[in-house]
Structure formats: structure tokens, C-alpha cells
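Visitor: I am new to this structure and would like a close look at a single part of it. Please take one helix and the pieces packed around it.

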Amino acid sequence: MKKKDKLILKNFADVRSASSFSIDELQGLLLQISFAIMMIFMIAYFMFRTETRMEQEEQLLEVQRQKLELAVDAVNIEYGARYGLNVFYPEAVEDSSVDKAAVAPAKKLIVNGALTSDPIYQAAFLSSAANAGQDYADVLALREAWLTRVMEIADIPTAQLSKENTAWLDEAANLNIDNYKQRVRAVQVSCASLLQRYWMQKPQSISDPKVSAILEKYSQANETERMLLLTELSDALSAYSFSVLKGFAGGVEMLK
């Protein structure tokens, strides 16, 4: 408060000097007091409005996030069926143990060096190879389709998606699309390993002359020579096993 105002207020409180207190001074003092009170209420009002708006924005973010999470779960189920993952991994699997979990379905897919006759596993392998091969040939298109499907299920206009939830959804797309590929690839690699193990036990079942020749040379070599041939044999068996899997899948390449 200004020095002049303090003096006026003191004079106003002093009954003995009340006669010297003018009407203009009294009105001026009351006006300043009223303005100060009004400013307090205005500040309180705008603080309330700001806090309310922030709470509403947080609620909107939370509602959007919940819708997106439910939509991502639904899309994961759809793509899981598309890639045969619901058959290969009927139970939840930690990312760190995917390779280990892939051994079980591979043993049901590869029986005595051939693709199983089990209709469920056979269909899962064929659809997995065909759909994954097609989708991962263009990962950008796959990502766009995945995001579009999530937004359709969530029923959220893209323009209304918050910056925070847009970033979250982008990360979810990257993680899940990579996860599908990792799981499909793990099953294919396990199938290839089972084929190689079978051929090592029954080399006469190998129809590729080049691989048969390397394996024959390996079986007749001494310990030192085998060490030199090991890498060549391993590469030949690996390439041959994926070539055989490609034949099982109707000419569709396995994932790289």
C-alpha cells in the first residue's frame, strides 16, 4: 500500500480527524480495496479453471490410453491367428524364452524329417509362412495396416489422439510387429534344426547331392579334418533345411 493511502487510512480510523477526511478520499480508498478483493477472486477463479482443465485433459488421456490398450490386445489376437501364433504358443511366453518355447511346436510340425499330417499344425505352419512372408516383405505397409486396425477398434479419430498417446502407440506398433516376427522366426529355426538333426542320424534321406557329398566327406574324415569341414557342413545343412521348409510351405521363403 502506498504511503499516501496508509496516511488516509490512519486518518480515517482517527475519529478526531474524521472531519478532515474528504468524500473523494474515502471513495478512492474504497475503490482500491474493492479492486484488490476483485483481483483475489479473479486469480482464484483462473487457478480453478486451469486446474479443472488439466484434470479434464488427464482424464481424456487416460480414457484414450485404455481404449488403445484394449484395441492393441484385440489386434494382437488377430495377428496371432494370422501367423499361427495361437497354435504355436497357446500359453503366454516371456520374450527371453521364445526360442526355448518354439521347440515344442517345432516337434509337432516336423515328424520324421517331413511336415506333420496334423491338420491344425499343418494349417498353422502354411498360413504362418504365407502371411508372415507377405507382410514382412514390406514392414512399412504392415505397420500402417496395424496402426489403422488399432484406431478402427479403438474408435478414436486420429486428429483427436493426444501427443503422448501417439508416441505410446508408435512404440507399441514397433514392439508388437517385431514380436510377431521373432516368434514366427523362432519356430522356423527350430524346425530347421530338427531337420538337420534328423539328417545327421539318417544321411541317406538327404536328396541334395552337394550336401550328401559334404556329409559323406565329414563322416570319413579324421578329427582334424572334421574341424575344418564343420563350418562348411553346418552352412550347407542350414541352407538345405530352410530350402526344404520352403518346399513344405509351397515355395514361400522363411523369414530372415
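Guide: What follows looks at helix α8, its two helix partners and a loop residue beside them. The model is predicted, so local features need pLDDT of at least 70, side-chain atom pairs count only at pLDDT 80 or more, and totals for chains, interfaces and linings use all residues. Residues are numbered from 1 along each chain as its sequence is written, and side-chain values use heavy atoms, with hydrogens and water left out.

The protein chain has 10 helices and two strands; helices (H or I, at least four residues) and strands (E, at least two) are DSSP runs, numbered from the N terminus. In sequence order the pattern is α-α-α-α-α-β-β-α-α-α-α-α. Of the 256 residues in the protein chain, 33% are buried, where buried means under 20% relative accessible area, exposed over 50% and partly exposed in between, with a 1.4 Å probe and protein chains only.

Helix α8 covers residues 163–201 and packs against helix α10, residues 223–248, at an angle of about 115 degrees, with the axes 9 Å apart. Axes are lines fitted to C-alpha atoms, for helices over the stretch in contact, and angles run from 0 to 180 degrees between N-to-C directions. The two helices are therefore roughly perpendicular to each other; angles under 35 degrees count as roughly parallel, over 145 as roughly antiparallel, 65 to 115 as roughly perpendicular and the rest as oblique. Contact means heavy atoms within 4.5 Å. On the α8 side the residues include Arg185, Val189, Leu195 and Trp199, and on the α10 side they include Leu237, Tyr240, Phe242 and Phe248. The residues of this contact comprise 12 nonpolar, four polar and one charged; Ala, Val, Leu, Ile, Met, Phe, Trp, Tyr, Cys and Pro count as nonpolar, Asp, Glu, Lys and Arg as charged, and the others, Gly among them, as polar.

Helix α7, residues 139–154, is another partner: its axis comes within 10 Å of that of α8, and the two cross at roughly 120 degrees. That makes α7 oblique to α8. Among the residues meeting here are Leu142, Trp146 and Val150 in α7, and Leu169, Ile177 and Tyr180 in α8. This contact divides into 11 nonpolar, two polar and two charged residues.

Tyr136 sits in the loop between α6 (119–135) and α7. Tyr136 counts as buried because its relative accessibility is 12%. Not counting residues up to four places away in sequence, Tyr136 touches Tyr83, Leu142, Ile177, Tyr180, Lys181 and Leu255. Tyr136 and Lys256 are 120 residues apart in sequence, yet 9.6 Å apart in space, C-alpha to C-alpha.
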